[in-house]
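Reader: I would like to learn how to read a structure of this kind step by step, moving from local detail to the contact between chains. Could we take the features in turn, with the general idea before the case?

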Amino acid sequence: MSLADAVIPGRPVAVAPGVHWVGALDPEMRQFDIILRTANGTSYNAYAVRGHNGVAVIDTVKEDFAGDFFARLWACCKPEEIRAIVLNHLEPDHSGALPELLAAAPQAPLYISRPALGMLKGLLKDGLDPERIVAVTDDTRVELGGRSLRFLPTPYLHWPDTQCTWVEEDGLLFSGDVFGCHFCDARLFNDRAGDFRFSFDYYYQHIMRPFREFVLQALALIEPLPIRLIAPAHGPVLRDHPQTYVRRYRQLAEPLLANEAAGRDKTLLVFYISAYGNTARMAQAVRDGAEGVEGVRVSLYDLVGGEPGPFADLIEEADGLLFGSPTINGDAVKPVWDLLSSLTLVKVKGKLGGAFGSYGWSGEAVGLIEDRLRGLKLRVPRSGVKVKLIPTAEELAECAGFGRDLAEQLVGRAGPRHIDFTAPQALSA
Amino acid sequence: MPKAQVTFEDIEVTVTVPAGTRLIEVSEKVGAGITYGCREGECGTCMMKIVGGSENLANPSVLEDKVLKENFAGIGNRLACQAQVLGGHVVVRPG
């Protein structure tokens, strides 16, 4: 333990007058939620906020760390002083000590967001009196005496239930996972801890980025606030220039280079990979067909020459995505799957999708890609084009028609279609 | 054969199907944006919005009702894996 350490076993840490950090440090953690790595462990931040009339506990910790949490909490308040328990987010790393806390302070209502109600049932099963739960609204205030809590709805940052808690009198934002990061440092405060900037950005990119539009909605609520301190649920407490971290979220949520065509044209990206040039020729024909539709900016990319990361950046901004792949051993080829499996980090729901490809025997790649696109919640309005080996002029014209149709779909000029599934020929539609 | 029509608003496709068809049986064939999880009425992934003609769908089962409530469904939401079109014309979209 160094002299600079703010965190001492069994003791709460004052983060503002009457406000204590009562969380836990987990320095050995290296992998979080399977998808995240951390070189520095993490912290589970919970807070006790005292007013003249009692204490509010904001968030708890992972179950394994409940001992640390309660040691700190009972060092700064008595159970009967607790007037409110707030969970900004119900994921188990924040709700692990909740059952014990509810039992220790039976007088305290639990304040959660409305979407958290169903999750709470899943976490506590039948162990909670419904009378104790308050699903907060914009008008909900928790008066602690001299300071009060109100709640900002920040859904999908990064679960449907997530919210922030705001103490107006002191300018304190208890932000849950927003503005958090996996960086364990006993010095606790951003002006004392080691350099955690990469952890902050990494956390955003892996946790918040898929919900970018919700980040922008949340920033619209948060940016006007006169914030003096941000108390996130992971990582350093941001007491020095907290607005810097709000601004960083704004930067991260907006593209570095503006898409010149955005607002004027719809963007359609055609990705392909080709073993003998057949799928490449189909891709060019698809591109040519799509380019003939006014109001669509078409771009063609050979997957061999790129990496999933930058392609995912392009995809995040695009309106439509087409994938061309040969079928090899009954499957689309690995670079296609590498890109498609990278798309969980960006929002693709509702974009237009499609697939095409040349094959030798059976041509499963197109259908498999379409299934994946639907799984990612893209619209796949047209069955893809499959060509056996070398495309003929007619088949290339079919590819061009496919590209044109999808481009027309993008600009809303495709027009309605009708399919009669009661007609015998529709069985093969 | 009694028939019904379903319009998938997001892709502007209307299908004519035999009365009694569940929407899951046709929505993927035409490329509508409704996505499926368990396909058995338990996960709520395929929740969709009925834009018109809800009276032409069979009433939700006890199971579907329960899952809709658990997923904070609004008025007009149904599960595409469960909803069965009985006749007339139904208009749906994802969501």
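Author: Let us start with a hairpin, and bear in mind throughout that the model is predicted. Strands of a sheet pair through backbone hydrogen bonds, either parallel or antiparallel. In chain A, strand S1 (residues 13-16) and strand S2 (residues 19-21) run antiparallel and are joined by 3 bridges, and the hairpin that S1(A) and S2(A) make has 2 residues between the strands.

Reader: Which residue in the hairpin of S1(A) and S2(A) takes a positive phi, and what is the bridge partner of A:Ala16 in S2(A)?

Author: The positive phi belongs to A:Gly18, with a value near 75°. The bridge partner of A:Ala16 is A:Val19.

Reader: How should I read a sheet with several strands, and in what order do the strands of the open sheet in chain A come?

Author: One reads the order of the strands, then the sense of the pairing, then the edges. Here 5 strands of chain A form an open sheet, ordered S12-S13-S14-S15-S16, and the pairing is mixed. The edge strands, each of which pairs on one side only, are strand S12 (142-143) and strand S16 (229-232) of chain A. At the S12(A) edge, 2 bridges connect S12(A) with strand S13 (residues 148-153) of chain A in the antiparallel sense, and A:Glu143 has A:Ser148 in S13(A) as its bridge partner.

Reader: Is A:Met29 buried or exposed, and where in chain A is its place?

Author: For a single residue it helps to put its accessible area beside its contacts. A:Met29 lies in the loop between strand S3 (24-26) and strand S4 (31-32) of chain A. Because its relative accessible area is 10%, which falls under the 20% cut-off, A:Met29 counts as buried. Leaving aside neighbours within four places in sequence, A:Met29 is in contact with A:Thr38, A:Gly41, A:Thr42, A:Tyr44 and A:Lys62. A:Asn40, 11 residues from A:Met29 in sequence, is 7.4 Å from A:Met29 in space, C-alpha to C-alpha.

Reader: What share of the residues in chain A is buried, and how many helices and strands are there in chain A?

Author: Of the 429 residues in chain A, 53% are buried, and the chain has 12 helices and 22 strands. Its C-alpha trace spans about 80 × 50 × 40 Å along the principal axes. Among the contacts in chain A between residues at least 6 apart in sequence, 71% join residues at least 24 apart.

Reader: How much area do chain A and chain B bury between them, and which three residues of chain A supply more of its buried area than any other three?

Author: An interface can be read by its area, its polar pairs and its composition. Chain A and chain B bury about 1700 Å² between them, with 55% of it on carbon and sulfur atoms. A:Arg374, A:Phe421 and A:Thr422 supply 35% of the area that chain A buries against chain B, more than any other three residues. Across this interface the rule finds 0 salt bridges, whereas 8 residue pairs are in polar contact. Strand S22 (residues 417-420) of chain A gives the most to the side of chain A that touches chain B, with 4 residues. By class, that side has 7 nonpolar, 5 polar and 6 charged residues.

Reader: In which sense do S22(A) and strand S2 of chain B pair?

Author: S22(A) and strand S2 (residues 13-18) of chain B pair in the parallel sense over 4 bridges, and A:His418 stands opposite B:Thr14 in S2(B).

Key. Residues are numbered from 1 along each chain as its sequence is written. Chains are lettered from A and ligands numbered from 1 in the order in which they are written. This is a predicted model: local features need pLDDT of at least 70, side-chain atom pairs count only at pLDDT 80 or more; totals for chains, interfaces and linings use all residues. Side-chain values use heavy atoms; hydrogens and water are left out. Buried area is the accessible area (1.4 Å probe) that two parts lose on being put together, summed over both. A salt bridge is a side-chain nitrogen of Lys or Arg within 4 Å of a carboxyl oxygen of Asp or Glu. A polar contact is a pair of N or O atoms within 3.5 Å; within protein, one must be able to donate a hydrogen and the other to accept it, and residues adjacent in sequence count only if both atoms are side-chain atoms. Ala, Val, Leu, Ile, Met, Phe, Trp, Tyr, Cys and Pro count as nonpolar, Asp, Glu, Lys and Arg as charged, and the others, Gly among them, as polar. Two strands pair if DSSP finds at least two bridges between them. Buried means under 20% relative accessible area, exposed over 50%, partly exposed in between (1.4 Å probe, protein chains only). Contact means heavy atoms within 4.5 Å.
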